[in-house]
Amino acid sequence: MVFVNPGKQDEPFWADAAEGLQHAAASLGVELEILYAERDHLAQLSLVREVVERPATQRPDYLLVVADKQALSGQLALAARAGQRVFAAYNGVQRKERDLLGYPRQRWPHWLGSLVPDAEEAGYISARALILRAQRKWPGGQNNVLEMVAISGDRTTDTSRRRTAGMLRATSEFPRVHLRQTVYGDWQQEHARYQTPILLNRYPDIRLIWTGSDLMAFGASDGLRGSGRAPGEDVLLSTINMTERATRALLNGELQTMVGGHHLSAAWALVLLYDYDQGIDFAETEGLEMEKSMFTLFNQPMAKTYLRYLAAGRPQVDYCSFSKVCNPARTAYDFTIAGWLKAASEAVELGNR
């Protein structure tokens, strides 16, 4: 398998995604190559082109891509020319792309399917938890307004749009909360660091900042401190992504809510393709375009469990336990972070014996 990773090699979320995929490949006996687009959606296309233009004997059995910033159509077109089997993870097809792309295994026969986390769920549960936390900290009636701003990822990526939609759904359920503005940090810490003081000057009574990723949360935290505000005291912060730094920030109070688990989408995609290659087609039970609940709201025990795994040196998790080929009695896939944390804890215990 070749995975075209849209992120940077040193970007925490995409580094964690790559590590999970590497563990899955090692435990399932799959040869893996990871290529990095370094946050350049045009580079995603050039990397796919490089892979499919290799001699036939050097092409992978499967190409795993991310439909980042509407790059899927170009990736599929390039793969189709070489008859390259391709699978998409993390981002789904947007409505305006449907007429062009159709559905997997139809217009593009070698497009096997897609697996995406329920990004709207992530936006909803993170925003809802943030609001509930704020209402406990600053109790009051409906007239006691809680002002909020949001720093989302970008305007075009399916994941970003869905996270934002989930956040909007959550805020609509709480009359006390007034969402003043949503801005777009393009997933960058520096952007959010620059945007936050501007938002504070524009809306000096802000109590809540919702962010679409951990790096933007840290940018917002930096911006708060630079403006004389204390994260967790004057303004509450939420984020999406269970990176090591975010998990520690949850425990030390810099962040108030964190949801995560979706970085494993690539690893779960490999489990599906491993079973597919062995004759168990996910389409028969899961469908071709799979949207799974992968997010969970982290509490302190879960955060501590994850940090114990990291402190143990990130031992290899056995992904064979999630495969139907390895476990014929398995009737449904478990792509939850709770299941993964259990397997990660088992890996730690095994390493301690």
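In this predicted model, helix H1 covers residues 12-28. Its 17 residues should span 24 Å at 1.5 Å a residue. The end C-alpha atoms are 24 Å apart, so the expected and modelled spans agree. Much of the helix faces other parts of the chain. Its buried residues are Phe-13, Trp-14, Asp-16, Ala-17, Ala-18, Gly-20, Leu-21, His-23, Ala-24, Ala-25 and Leu-28. An α-helix has 3.6 residues a turn, so residues three or four places apart point the same way. The cover over the buried residues of H1 includes strands S1 (2-5), S2 and S3 (63-66), together with helices H10 and H11. Gly-29 follows H1 and has a positive phi, near 70°.

Strands S1, S2 and S3 belong to an open sheet of six strands. The order is S2-S1-S3-S4-S5-S11, and the pairing is parallel. S2 (33-36) and S11 (289-292) are the edge strands, each paired on one side only. From one strand to the next, the twist averages 20°. At the S11 end, strand S5 (residues 111-117) runs parallel to S11, and four bridges join the two. Within this pair, Val-116 has Glu-291 of S11 as its bridge partner.

Strand S6 (146-152) takes part in further parallel pairings. All seven of its seven residues are buried. Leu-146, Met-148, Ala-150 and Ser-152 point one way, Glu-147, Val-149 and Ile-151 the other. In a regular strand the side chains alternate between the two faces of the sheet. Seven bridges join S6 to strand S7 (residues 177-184), and these strands run parallel. Ser-152 has Tyr-184 of S7 as its bridge partner. The chain passes from S6 through H6 to S7 in a right-handed β-α-β crossover. S6 also runs parallel to S8, with five bridges between them. Here Ile-151 stands opposite Thr-211 in S8.

The loop between S6 and helix H6 (158-172) holds Arg-155. This residue counts as exposed because its relative accessible area is 59%, above the 50% cut-off. Beyond neighbours within four places in sequence, Arg-155 is in contact with Arg-161 and Tyr-184. Tyr-184 is also the S7 bridge partner of Ser-152. The C-alpha atom of Arg-155 lies 22 Å from that of Ser-265, a residue 110 places away along the chain.

The pairing continues from S8 to S9. Strand S8 (residues 206-211) pairs with S9 in the parallel sense over three bridges. Trp-210 stands opposite Ser-238 in S9. Between the two strands the chain runs through helix H8 (residues 214-226), and this β-α-β crossover is right-handed. Strand S9 (residues 236-240) has five of its five residues buried. Both of its faces are covered, with Leu-236, Ser-238 and Ile-240 on one side and Leu-237 and Thr-239 on the other. S9 is also joined by three bridges to strand S10 (residues 257-260), again in parallel. Thr-239 stands opposite Met-258 in S10. The chain reaches S10 from S9 through helix H9 (residues 244-252), in a right-handed β-α-β crossover.

The largest nonpolar core contains 73 residues. Phe-87, Trp-268, Tyr-319 and Trp-340 touch the most other members. Helix H10 (residues 265-277) supplies the largest share of this core, nine residues. A second, separate core has 22 residues, among them Leu-47, Val-51, Leu-76 and Val-93.

Trp-340 links the description of the core to helix H12. Not counting residues up to four places away in sequence, Trp-340 touches Leu-264, Trp-268, Tyr-306, Tyr-309, Val-317, Tyr-319 and Phe-322. Two of these residues, Trp-268 and Tyr-319, are themselves among the core members with the most contacts. In H12 (residues 337-352), the 16 residues should span 22 Å at 1.5 Å a residue. The end C-alpha atoms are 22 Å apart, so this helix also agrees with its expected span. The buried residues of H12 are Ile-337, Gly-339, Trp-340, Leu-341, Ala-343, Ala-344, Ala-347 and Val-348. Their cover includes S10, H10, strand S12 (296-297) and helix H11 (300-311). H10 and H11 also help to cover the buried residues of H1.

Note on methods: Residues numbered from 1 in each chain as written. Predicted model: local features only at pLDDT ≥ 70, side-chain atom pairs only at ≥ 80, totals over all residues. Heavy atoms only, no water. Buried < 20%, exposed > 50% of the residue type's maximum accessible area, 1.4 Å probe, protein only. Pairing = 2+ DSSP bridges. Right-handed = clockwise from strand over helix to strand, strands pointing away. Contact = heavy atoms within 4.5 Å. Core = buried A, V, L, I, M, F, W, Y, C linked by side-chain atoms within 4.5 Å. Axes fitted to C-alpha atoms, helices over the stretch in contact; angles between N-to-C directions. Expected span 1.5 Å × (residues − 1).
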